[in-house]
Amino acid sequence: MAGVIVLRTRQNVTVGNLTATRPPQPWTAPTASDPVSATLCLPGSKSMTARALVLSALASGPSTLAGPLRARDTELMAAGLRALGAHMSISDDERWLVRPHPLVGPAHVDVGLAGTVMRFVPPVAGLADGRITFDGDPQARIRPLGPLIGALRSLGVRVDTPATGSLPMTVLGAGRVAGGEVVIDASASSQLVSGLLLAAPRFDRGVVVRHVGPPVPSAPHLRMTVQMLRAAGAAVDDGTPDVWVVEPGPLTGRGWEIEPDLSGAVPFFAAALVTGGEVTLQGWPRGSAQPVEQLRALLQRMGGEVTLSTAGLTVRGTGAVHGLDADLSDVSELTPALTALAMLADSPSVFTGIGHIRGHETDRLTALAREFAALGADITESPDGLEIRPRPLRGGVFETYHDHRMAHAAAVAGLAVPGIELSDVACTSKTMPEFPALWSAMVTGKS
């Protein structure tokens, strides 16, 4: 079965400051009767798009983003920065234009359920002159934010929050941030550090961030932050473990070439393993800021063949899926899709280093264990991970908890298990509004 999937059209889903226009309804994940064969042309990385928007809003001149991701999270980021005064032209799906402008309040920032918005924009709001309020979806109010609030206060930013140290939050911007040294426990999310670093060149004294606590997860995302800061002209020293130094100075407006979204491609790569097929992600660069080597190693251990050529990044299934023991702390976003793969493997799997994903869009460890157990899985959660012992699964309703990665996990399992119904596939609009159509086209071979 052959097919080409090109991600250029939009489905009838409203993103940005609004939720999906259609009500949630069960969506039956299609089951594959043949090996999939697909070529993906995906939009840009969510992580790179978010960072480029912040750096562009703080730069001394205009910037462009080529190939950005248009999805709820990134449109919320653009809307939040626009509310603070930056000029955003994002009508062209292929090229966004950002013109910096003095940051002012009063303003309100809707964070939705986006960790990047709730952690990257408050440090920027400290640089604004005026009152900036933040709130979002109900689940956003329990996502980890306290360490960032404490860090901002120690750097001289006035922040008002409930006693819980969470959203809703008000930043009383004074038009400048003193900056200096701050100690933070960022073991809940690397975004707590990235948010401080991205705004730090505009602080009077820059910043020295010292992490104290368990290891910071998702280290590749921190490396991406540092790389992009340097590309914008910032002086950054990350040579000492758990210490990041950003010097004060101007950021340069520039053209950003956004890489295809690796995390968005992972469910499709998993489909190649499940069905013994082949999936190629077009436009993949030779050098990447995303954790492609970690993904390559994991997929190969699970039975895939991964190659990089002029055609793109290709994953082939070999007809078998193997279990594995793996520390996923650097690539925790992959956990739901890899868990679904592990359910269909020929041997058990143990995933560790992912206790922090309990604070993502939902408690992903509990949610994965609960929903797959309801389908007959033998799965056990630990404080820091999951243990999976494969056995036959049955169909049933799979609750997504408004979490796009949970929807991806259910779709992967549905390739081999008939009758898996996702409670709300529209939640995939958070990072890929076209996911249901693309997934169905890949499985059926009808674009």
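In the predicted model, H360 is situated in the loop that links β20 (349-352) to α10 (364-374). With a relative accessible area of 11%, H360 falls under the 20% cut-off and is therefore classed as buried. When residues up to four places away in sequence are set aside, the contacts of H360 are Q139, R143, S332 and E333. The contact with E333 includes a polar one, in which the side chains of H360 and E333 approach to 3.4 Å.

E333 itself occupies the loop between β19 (325-327) and α9. The relative accessible area of E333 is 18%, so this residue is also counted as buried. Beyond its neighbours within four places in sequence, E333 contacts S263, H360, R364 and R405. In an unreviewed UniProt entry, E333 is listed under "active site".

The UniProt record, again unreviewed, further assigns the feature "binding site" to K46, S47, R51, S189, S190, Q191, S218, E333 and H360. Of these annotated positions, K46, S47, R51, S189, S190, Q191, S218, E333 and H360 are included in the lining of the largest cavity. S218, one of the annotated residues, is placed in the loop between β12 and α6 (219-231). S218 is considered buried because its relative accessibility is 9%. Sequence neighbours up to four places away excluded, S218 is in contact with S190, S329, D330, S332 and H356. S332 thus appears among the contacts of S218 and also among those of H360.

The strand that precedes the S218 loop, β12, spans residues 207-211 and is mostly covered, with 4 of its 5 residues buried. β12 runs parallel to strand β11 (residues 180-184), to which it is joined by 5 bridges. Within this pairing, I184 is positioned opposite H211 of β12. Together with helix α5 (residues 191-199), β11 and β12 form a right-handed β-α-β unit. A second pairing of β12 is antiparallel and involves strand β14 (residues 243-246), with 4 bridges between the two strands. Here V208 lies opposite V245 of β14.

Helix α11 (residues 404-414) is likewise mostly covered, and 11 of its 11 residues are buried. Among them are R405, M406, H408 and V412, together with A407, A409, A410, A411 and A413. R405 is also one of the residues in contact with E333. The packing partners of the buried α11 residues comprise the helices α7 (262-275), α9 (335-343), α10 and α12 (435-444), as well as the strands β23 (396-398) and β24 (420-422). At the N-terminal end, α11 is capped by D403, which has a side-chain oxygen 2.9 Å from the backbone nitrogen of R405.

A further buried position is found in helix α2 (residues 72-83), which contains G80. The relative accessibility of G80 is 3%, and G80 is therefore assigned to the buried class. G80 and D110 are separated by 30 residues in sequence, while their C-alpha atoms are 6.7 Å apart in space.

Methods:
Residues numbered from 1 in each chain as written. Predicted model: local features only at pLDDT ≥ 70, side-chain atom pairs only at ≥ 80, totals over all residues. Heavy atoms only, no water. Buried < 20%, exposed > 50% of the residue type's maximum accessible area, 1.4 Å probe, protein only. Pairing = 2+ DSSP bridges. Right-handed = clockwise from strand over helix to strand, strands pointing away. UniProt positions renumbered as here; feature names shortened; annotations may be inferred. 1 Å grid on protein atoms, 1.4 Å probe; cavity = no way out; pocket = protein on both sides within 12 Å on 5 of 7 lines; lining within 4 Å. Contact = heavy atoms within 4.5 Å. Polar contact = N/O pair within 3.5 Å; in protein donor to acceptor, adjacent residues only side chain to side chain.
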